[in-house]
Amino acid sequence: MIEINYTGIIIAVCTFLIIGLFHPMVIKMEYYWGTKYWWTYLLAGLAFLFAALFTENIIVSSILGVTGASLLWAIGELFSQKKRVEKGWFPLNPKRKHEYNLEKDKCQSCVDKSKQTTE
């Protein structure tokens with residue numbers, strides 16, 4: 001009789017969900033707080049990786065490791081998101097427009113886009 005092992009599938013699904021969670025989280029964090037709290041991702045990522053080292057359960061350890069790595073990856077994505085906002089690909093927070101390197105015509109189009117999304 002063949003024994004079915006679900007460990008890989010569980011880890012794969014959790015990895016997919018974790019990555020899917022971090023994508024909008026990075027966008028929202030950049031919109032509301034900018035890049036100034038990037039270090040929270042660093043500390044949390046290192047804490048999750050450290051916890052993964054001392055967790056005996058392979059599934060839990062894997063999920064902690066994937067979460068830690070995703071948090072560290074999110075640091076770069078946070079700064080990339082700022083560049084995407086400056087290019088006008090995402091709306092900027094009008095309360096923080098002074099934090100961006102924007103040309104005057106691009107800045108106005110970003111502000112217009114952000115007004116459309118908040119209305």
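**Aromatic pairs, salt bridges and a nonpolar core**

Counting through the structure turns up 4 aromatic pairs. One of them brings together Tyr 37 and Trp 39, whose rings sit edge-to-face, with 6.3 Å from centre to centre and 65 degrees between the planes. The model behind these values is a predicted one. As for solvent, Tyr 37 has a relative accessibility of 33%, so it counts as partly exposed. Trp 39 is likewise partly exposed, its relative accessible area being 40%. Elsewhere, a single aromatic cluster is made up of Tyr 31, Tyr 32 and Trp 33.

Next come the charged side chains. Searching the whole structure gives 3 salt bridges. In one of these, Arg 96 pairs with Glu 30, and the closest N and O atoms are 3.3 Å apart. This pair ties together distant parts of the chain: Glu 30 belongs to helix H1, Arg 96 lies in the loop between H3 and helix H4 (104–118), and 66 residues separate the two. Both Arg 96 and Glu 30 are buried.

Arg 96 also meets Glu 99 in a salt bridge, with 3.2 Å from N to O. Here the two partners fall into separate exposure classes: Glu 99, at 30% relative accessibility, counts as partly exposed, whereas Arg 96, at 7%, counts as buried because the cut-off for buried is under 20%. Through shared partners, the salt bridges join Glu 30, Arg 96 and Glu 99 into one network.

Another salt bridge links Arg 84 to Glu 77, again with the closest N and O atoms 3.2 Å apart. Arg 84 has a relative accessible area of 21%, which makes it partly exposed. Glu 77 is partly exposed too, at 26%.

That leaves the nonpolar side chains. In soluble globular proteins, these tend to be buried together. In this model, the largest nonpolar core counts 10 residues, namely Ile 18, Phe 22, Val 26, Met 29, Tyr 41, Val 66, Leu 71, Ala 74, Ile 75 and Leu 78. Helix H1 (7–33) and helix H3 (58–86) each put at least two residues into this core, and H3 is the biggest contributor, with 5 residues. Ala 74 is a handy place to start looking around the core: leaving aside residues up to four places away in sequence, Ala 74 touches Phe 22, Val 26 and Tyr 41. Those three contacts of Ala 74 are themselves listed among the core residues.

Key
Residues are numbered from 1 along each chain as its sequence is written. This is a predicted model: local features need pLDDT of at least 70, side-chain atom pairs count only at pLDDT 80 or more; totals for chains, interfaces and linings use all residues. Side-chain values use heavy atoms; hydrogens and water are left out. A nonpolar core is a set of buried Ala, Val, Leu, Ile, Met, Phe, Trp, Tyr and Cys residues joined through side-chain atoms within 4.5 Å. Buried means under 20% relative accessible area, exposed over 50%, partly exposed in between (1.4 Å probe, protein chains only). Helices (H or I, at least four residues) and strands (E, at least two) are DSSP runs, numbered from the N terminus. Contact means heavy atoms within 4.5 Å. Rings of Phe, Tyr and Trp (its six-membered ring) pair if their centres lie within 6.5 Å; planes under 30 degrees apart count as stacked, over 60 as edge-to-face and the rest as tilted. A salt bridge is a side-chain nitrogen of Lys or Arg within 4 Å of a carboxyl oxygen of Asp or Glu.
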